[in-house]
Amino acid sequence: MTFLRLFIFALLLICAPAVVSAHGTGQHVLGVVSAIDATHIEIKTPKGQIVSVRLTDKTQYKVRNLRRPKSPPQVGDRVVVEAEKGTDGLTATEVHYSDSQPKTAQ
């Protein structure tokens, strides 16, 4: 039984770098939507930066905790954008969004 555990642990160690490197040129942008149209989205990050990400017809949208009827992301929504970095900037592959308010300090 101990041999089996060691074998599984060793297998996980060997596979872990492959999982990490599978992310490739991907980049995550987290923040609040400050502007959006059919071709791009601007996100204000927690550090106050505005990051522009291009949207394409291949961009997938995934919604969580939406209190309004289902609709595309809007200005003020919280987002996490998974994007690929290219020579012409960031291109979104997935946009995860919600209209929930950020937690406030108590």
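**Entry 1: burial and overall make-up**

I began with burial: of the 106 residues in the protein, 24% are buried. I keep in mind that this is a predicted model. Next I looked up the exposed surface, which comes to about 7900 Å², with carbon and sulfur atoms supplying 61% of it.

I then went through the secondary structure and found 1 helix and 6 strands. Read from the N terminus, the order is α-β-β-β-β-β-β. I also checked how far the contacts reach along the chain. Among contacts with a separation of 6 or more, 51% are between residues 24 or more positions apart.

**Entry 2: the helix and its patch**

I turned to helix 1, which spans residues 2-21 and includes Phe-3. Is Phe-3 buried or exposed? I noted it as exposed, because its relative accessibility is 66% and the cut-off for exposed is over 50%. Phe-3 has company: together with Leu-4, Phe-7 and Ile-8, it forms a nonpolar patch on the surface. I wrote down about 450 Å² as the accessible area of these four residues together. In soluble globular proteins, nonpolar side chains tend to be buried together. I set that beside the patch as a reminder and went on to the strands.

**Entry 3: how strand 5 is paired**

I followed strand 5, residues 78-86, to its partners. On one side I found strand 1 (residues 26-36), antiparallel to strand 5 and joined to it by 7 bridges. Strand 6 (residues 89-98) also pairs with strand 5, again antiparallel, over 9 bridges. Strands 5 and 6 make a hairpin, and I counted 2 residues between them.

Glu-84 was a handy marker for me here. In strand 5, Glu-84 is the residue opposite Gly-26. Glu-84 also stands opposite Thr-91 of strand 6.

**Entry 4: the nonpolar core**

Which residues have the most contacts inside the largest nonpolar core? I listed Val-29, Ile-43, Val-53, Val-79, Val-81 and Val-95, in a core of 14 residues. The elements that give two or more residues to this core are strands 1, 2, 3, 5 and 6. Strand 6 has the largest share, with 4 residues.

I picked Val-53 for a closer look. Beyond its neighbours within four places in sequence, Val-53 touches Val-29, Ile-43 and Val-81, among others. Its contacts also include Thr-39, His-40 and Ile-41, as well as Ala-83, Leu-90, Thr-91 and Ala-92.

**Entry 5: salt bridges**

How many salt bridges does the structure hold? I found 2. Side chains of opposite charge can pair when their charged atoms come close.

In one of them, Asp-88 meets Arg-54 at 2.6 Å, N to O. This pair ties together distant parts of the chain, 34 residues apart: Asp-88 is in the loop between strand 5 and strand 6, and Arg-54 is in strand 3. Asp-88 is exposed, at 55% relative accessible area, while Arg-54 counts as partly exposed at 33%.

I then looked up Glu-94 and Lys-62, whose closest N and O atoms are 3.6 Å apart in their salt bridge. Again the link is between distant parts of the chain, with Glu-94 in strand 6 and Lys-62 in strand 4, 32 residues apart. Why did I file Glu-94 as buried? Its relative accessibility is 17%, so it counts as buried, given that the cut-off is under 20%. Lys-62, at 35%, counts as partly exposed.

**Entry 6: two buried loop residues**

I finished with two loops. Thr-45 sits in the one between strand 2 (40-44) and strand 3 (50-54). Thr-45 is buried, with a relative accessible area of 15%. What is Thr-45 in contact with, leaving aside its neighbours within four places in sequence? I noted Val-29, Leu-30, Gly-31 and Val-51. Val-29 had already turned up in my core list.

Ser-71 belongs to the loop that runs between strand 4 (60-63) and strand 5 (78-86). Its relative accessible area is 16%, so I marked Ser-71 as buried too. With neighbours within four places in sequence set aside, Ser-71 is in contact with Leu-66 and Tyr-97.

Conventions. Residues numbered from 1 in each chain as written. Predicted model: local features only at pLDDT ≥ 70, side-chain atom pairs only at ≥ 80, totals over all residues. Heavy atoms only, no water. Buried < 20%, exposed > 50% of the residue type's maximum accessible area, 1.4 Å probe, protein only. Contact = heavy atoms within 4.5 Å. Pairing = 2+ DSSP bridges. Patch = residues over 30% accessible without salt bridge, like charges linked within 9 Å, V, L, I, M, F, W, Y side chains within 5 Å. Areas by Shrake-Rupley, 256 points an atom, 1.4 Å probe, with all protein chains shown as cover. Salt bridge = Lys/Arg side-chain N within 4 Å of Asp/Glu carboxyl O. Core = buried A, V, L, I, M, F, W, Y, C linked by side-chain atoms within 4.5 Å.
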